[in-house]
Amino acid sequence: MIRHPAAIMWSMKRLNWRFNFNHLLRQPLLMRDLLEPWRAELESLAAQPDADLIEEAALVWRVMYGVVDQWRGEFPQWQFVRHEDLSRAPVEGFRALFEHAQVEFTDSIVTYIESTTHATNPVSAPQGQAHALRRDSRANVAAWAAQLDAADVHRLRDLTEDVASEWYLDADW
């Protein structure tokens, strides 16, 4: 599942989440096998205890989805879906995922998806709460846009464009 860089940054900001890049750097096999292209950037931000949130969110996003993009090429049988696409058409999106996994898509599953993604649900999780399973999924797609400063979003886009362009078009920003 791929999530928009600005949505990731909004979650980090809303929840006051910070990322300790040393956790990645202390894993030699992970670094060797997957994250070597980002080593210098990881080391640079790891050395900055008061790193800028936008730079931090951008690097977290680029590393995570850079690897996902690599896997998309290596594992064509895997299913890759954008969070936003599932949110805009949840029943149809989950139906396709269930079919791909050859799992029965029952009426009770449809009912659950409809109830947890319905427009009468809140758009966002309550402040400070990481997980809220009932959301207005369609409205939540761009909730970050109303919360983040346009200049910050522009900067985030510049910092993530090398990877984000594989998943998101101009209209998604």
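A salt bridge here is a side-chain nitrogen of Lys or Arg within 4 Å of a carboxyl oxygen of Asp or Glu. With that in hand, one network to look for links Arg82, Asp85, Arg88 and Asp172 through salt bridges. Please keep in mind that this is a predicted model. The protein has 11 helices and 0 strands, and the points below walk through its build, its confidence, a buried valine and several charged pairs.

**Overall build**

- Read from the N terminus, the order of elements is α-α-α-α-α-α-α-α-α-α-α.
- A box of roughly 50 × 35 × 30 Å, taken along the principal axes, is filled by the C-alpha atoms.
- The protein has 173 residues, and 40% of them are buried.
- If you take the contacts between residues at least 6 apart in sequence, 61% of them join residues at least 24 apart.
- About 10,000 Å² of the protein is exposed, with carbon and sulfur atoms supplying 54% of that area.

**Confidence**

- The average pLDDT of the protein is 93, and 95% of the residues score at least 70.
- Confidence peaks in helix α3 (residues 28–35), at a mean of 98, and is lowest in helix α9 (residues 137–140), at 88.
- A general reminder: where pLDDT is low, the predicted coordinates should not be read in detail.

**Valine 60 and its neighbours**

- Valine 60 sits in helix α5 (residues 53–74).
- Its relative accessible area is 14%, under the 20% limit, so valine 60 counts as buried.
- Leaving aside residues up to four places away in sequence, valine 60 touches Phe19 and Phe21.
- Phenylalanine 19 is 41 residues from valine 60 along the chain, yet their C-alpha atoms are separated by 7.7 Å.

**Charges and the salt-bridge count**

- There are 17 positive and 26 negative side chains, and the centres of these two sets lie 4 Å apart.
- The salt bridges in the model come to 15.

**Salt bridges that reach helix α5**

- Glutamate 41 pairs with arginine 62 in a salt bridge whose closest N and O atoms are 2.6 Å apart.
- That pair links distant parts of the chain, with glutamate 41 in helix α4 (residues 39–46), arginine 62 in helix α5, and their positions 21 residues apart.
- The two partners differ in exposure: arginine 62 is buried at 9% relative accessibility, whereas glutamate 41 is partly exposed at 33%.
- Another salt bridge joins the side chains of glutamate 55 and arginine 155, at 3.3 Å from N to O.
- Here too, distant parts of the chain are linked: glutamate 55 belongs to helix α5 and arginine 155 to helix α11 (residues 150–164), 100 residues apart.
- Glutamate 55 is partly exposed, with a relative accessible area of 33%, and arginine 155 is partly exposed as well, at 31%.

**A salt bridge within helix α11**

- The side chains of glutamate 161 and arginine 157 meet in a salt bridge, with 3.2 Å from N to O.
- Both residues lie in helix α11, and because they are 4 residues apart there, about one helical turn separates them.
- Arginine 157 has a relative accessibility of 19%, under the 20% limit, and therefore counts as buried.
- Glutamate 161, at 29% relative accessibility, counts as partly exposed.

Notes. Residues numbered from 1 in each chain as written. Predicted model: local features only at pLDDT ≥ 70, side-chain atom pairs only at ≥ 80, totals over all residues. Heavy atoms only, no water. Helix = DSSP H or I, 4+ residues; strand = E, 2+ residues; numbered from the N terminus. Buried < 20%, exposed > 50% of the residue type's maximum accessible area, 1.4 Å probe, protein only. Contact = heavy atoms within 4.5 Å. Areas by Shrake-Rupley, 256 points an atom, 1.4 Å probe, with all protein chains shown as cover. Lys, Arg positive; Asp, Glu negative; His and termini not counted. Charge placed at Lys NZ, Arg CZ, Asp CG, Glu CD. pLDDT = per-residue confidence, 0-100.
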